[in-house]
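Let's take a walk through this protein, starting with one helix and working outwards. Keep the 3D view open as you read.

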Amino acid sequence: MAQPGQDAKFFQRGKIEEFRADLQAAETKDKKFVKRKTVLKKIVANITMGNDMSPLFTDVVQCLGTPLLEIKKMVYLFLVSYGRSKPDQIHMVIPNFLQDCADRNPLIRALAIRTMSYIPIPVVTDALSDNLRHCLKDRDAYVRKTAAICVAKLYSADPRRAEKGGFVEMLRDLMLDTNATVVANAVAALSEIGDRQDGVIFKLNLATANKLLAALGESSEWGQIYILDSLLRYVPSRHADAENMAERIIIQLQHANSAVVLTTIKVILYLMNYMENRRLMDYCCKKMGPPLVTLLSSGPEVQYVALRNILLIIQRRPAVLKNDVRVFFCKYNDPIYVKLAKLEIMYRLARAENANEVLAELQEYASEVDIDFVRKAVRSIGRLAIKVEAAADNCIKTLLNLIENKVTYVVQEAVIVIKDVFRRYPGKYEGIIPTLCENLDSLDEPESKAAMIWIIGQFANRIDNAEDLLDDLLYTFLEESVEVQLALLTATVKGFIYKSTSEKAKELVAKVLKWATEEVDNPDLRDRGFMYWRMLAINPAVAGEIVLAEKPPITTDSDRMDRGALDQLLLHTGTLGSIYHKNPETFIRNATGKALTDSPALNAHSRAVLIPLAAAQLPPSIVRVPGPGPIESHSTPVDLLATDQPEGEAGAEETPQPAQTSLLDDEDGEDLGSDQEDEAVATAGKDSRDPYSNLDGAFGNYIADEPKPMGANSRGGRHDDDDLLF
């Protein structure tokens with residue numbers, strides 16, 4: 001075996017002609033195959049560097065007859081790289097494949113079968129099938145575990161052949177093998193097949209799950225991960241089954257491999273949905289805490305993965321780390337992405353008992369040099385005030401102290417969160433408004449400026465110079481972002497309603513409404529301007545009741561993830577989905593989703609928020625535009641209701657039907673009754689020759705010159721008014 005570092009000399013760009021000449025020269029004067037081995041190492045090194053060595057295919061294949069294992073490995077590596085691109089020459093290698101599959105050396109048998117599975121060409125797949133069947137029953141465990149993975153490769157290349165050949169059933173039998181490595185590889189192959197949208201359904205029963213657990217202790221680290229992950233395919237039918245399984249795998253939390261720890265936590269969290277014993281559930285939460293804390297002593301990359309998973313776990317099971325908030329205090333040398341993740345977890349774990357400790361830490365962070373980190377820290381102080389009422393006073397004092405430092409980005413973040421504090425505790429902290437108004441000139445970002453404008457408009461009756469402040473802000477109305485323009489429009493209207501007798505307020509509101517309706521292109525801003533103008537013109541008193549209506553106090557409930565979606569995400573703990581906080585099927589093509597399965601043992605709380613798994617939607621072979629064209633729109637519904645349609649014409653006429661039905665359902669939020677359907681079809685059929693005969697109804701009477709009041713029976717009814725106002 002070569003010493004480490006001695007192969008570096010082979011990583012030099014070589015010429016095809018030189019390699020071919022060296023291989024031909026080695027055939028005559030190389031009894032110990034030293035020269036041939038050296039040339040093949042240079043070729044493999046060039047492949048690794050990205051150089052195209054495919055012209056040497058014929059010359060390299062001739063080396064397969066060499067009895068040396070090291071040379072066979074390099075030739076097979078060459079075939080894995082270029083076998084697919086040489087379908088017309090691959091037949092030259094088939095006899096060597098068949099010979100090596102029957103070799104006495106198990107390493108060569110496994111090497112041959114593995115290489116064949118990596119070349120998804122029909123002629124190779126034909127030769128692979130019979131040999132793979134023999135290797136799955138080979139006397140040597142190394143060959144069996146290699147063959148198990150090859151079944152997954154075969155299924156990926158030709159699912160029909162793999163199912164018809166009975167290879168999936170043979171994999172199922174390998175799950176009961178006496179060798180733990182073979183069991184782990186069989187589980188890995190079945191999992192890969194089961195994760196395909198067109199794959200077989202892979203589920204476990206209690207007996208098989210218990211046998212997999214028996215092989216867990218003898219498996220390698222990655223074998224343990226595959227076996228633990230497969231336990232998510234077992235659905236307990238009794239509380240006792242889930243509790244016994246959790247007790248058997250909880251020992252894996254002490255493993256040194258972080259992937260094993262996260263996978264174990266994933267399985268325990270899954271099984272807790274099917275448990276009834278509250279004491280055991282509390283014990284599991286207590287045992288999951290220390291391993292998660294230990295992961296934070298790893299490198300920053302592992303820390304970040306752990307932190308993103310912890311953020312999901314504590315939302316579902318807060319008891320896991322409720323007393324460990326100090327662990328998430330940031331260190332001076334933490335990367336920014338780790339610091340931001342820790343900040344979020346600190347906020348989640350904050351409660352009345354540790355709020356002052358968390359607040360003191362956040363105040364320290366607000367004086368750091370990293371601007372993004374400081375912004376997040378200041379915003380976390382405001383969120384802490386909203387979440388923990390007992391700490392609100394101290395949080396406000398801290399924010400005022402930070403504002404006094406006159407650091408621009410700190411002041412802007414403080415104004416944004418103080419606006420939310422006003423909403424959370426109405427009538428309690430309005431005394432700090434003068435301090436905020438003093439820093440109006442330092443606000444140059446849209447979000448902070450919009451927050452300050454909201455405060456001025458909302459409390460215009462308490463701010464003596466509110467009109468002057470708004471007048472100053474209106475100088476740049478047309479240059480501001482839409483967010484600021486909307487805030488200015490609403491604040492000016494509020495100021496006018498509060499002080500309707502003030503000539504200044506009348507002048508401002510007339511100017512802003514004129515700008516919003518005549519000189520602005522944004523439809524949202526223009527529509528809101530028209531709405532305010534008409535309300536103020538028709539009935540100012542009612543307009544005041546609408547614009548100044550009492551707003552519900554905000555809470556921290558919006559920060560929480562939906563419970564059903566959270567249960568679904570926790571099934572992906574330790575994967576990319578847990579880092580993005582998205583289900584894999586949303587960002588990985590052809591990935592299958594996971595969801596809790598209903599059973600008699602499922603907890604009532606978990607069943608109440610159960611999200612059923614959406615059916616896999618395979619991409620259509622033909623791209624169709626949903627909905628019919630304008631001419632057919634009046635005649636198609638009549639054809640869809642016809643019952644005596646010939647089979648030959650059904651394919652052409654039935655295509656638009658699902659799209660049309662779903663559009664009707666989505667628009668109203670409920671199915672149309674049979675009477676309404678008949679009426680709609682009759683209306684559509686009145687004038688089928690004119691494609692534009694029903695445009696007036698389609699655009700909701702906006703074509704008519706005068707406005708028409710909406711009747712009580714119009715489509716949407718009261719919902720249209722609600723959407724218009726709010």
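Start with helix α22, residues 408–424: its 17 residues reach 25 Å from the first C-alpha to the last, close to the 24 Å expected at 1.5 Å a residue. Bear in mind that you're looking at a predicted model. A good part of α22 is tucked away, with V410, V411, Q412, E413, A414, V415, I416, V417, I418, V421 and F422 buried. What covers these buried residues? The cover includes α20 (371–387), α21 (392–404), α23 (433–438) and α24 (446–458).

Now zoom in on F422. Its ring forms an aromatic pair with F459, edge-to-face, at 5.5 Å centre to centre and 80° between the planes. F422 belongs to α22 while F459 sits in the loop between α24 and α25 (466–473), so the pair ties together parts that are 37 residues apart in sequence. Both F422 and F459 are buried.

For another edge-to-face pair, look at Y580 and F587, whose ring centres are 4.9 Å apart with planes at 80°. Here Y580 is partly exposed, at 44% relative accessibility, and F587 is partly exposed too, at 30%. Elsewhere, F57, F78 and Y82 make up one aromatic cluster. The count of aromatic pairs comes to eleven.

Y347 has charged company: the charged end of R383 sits over its ring, 3.9 Å from the centre, and K387 lies over the face of Y347 at 5.1 Å from the ring centre.

Finally, zoom out. The chain has 38 helices and zero strands, and 45% of its 726 residues count as buried. It exposes about 39000 Å², with carbon and sulfur atoms supplying 51% of that.

How values were computed
Residues numbered from 1 in each chain as written. Predicted model: local features only at pLDDT ≥ 70, side-chain atom pairs only at ≥ 80, totals over all residues. Heavy atoms only, no water. Helix = DSSP H or I, 4+ residues; strand = E, 2+ residues; numbered from the N terminus. Expected span 1.5 Å × (residues − 1). Buried < 20%, exposed > 50% of the residue type's maximum accessible area, 1.4 Å probe, protein only. Contact = heavy atoms within 4.5 Å. Areas by Shrake-Rupley, 256 points an atom, 1.4 Å probe, with all protein chains shown as cover. Phe/Tyr/Trp six-rings, centres within 6.5 Å; stacked < 30°, edge-to-face > 60°. Lys NZ or Arg CZ within 6 Å of the ring centre and 35° of its normal.
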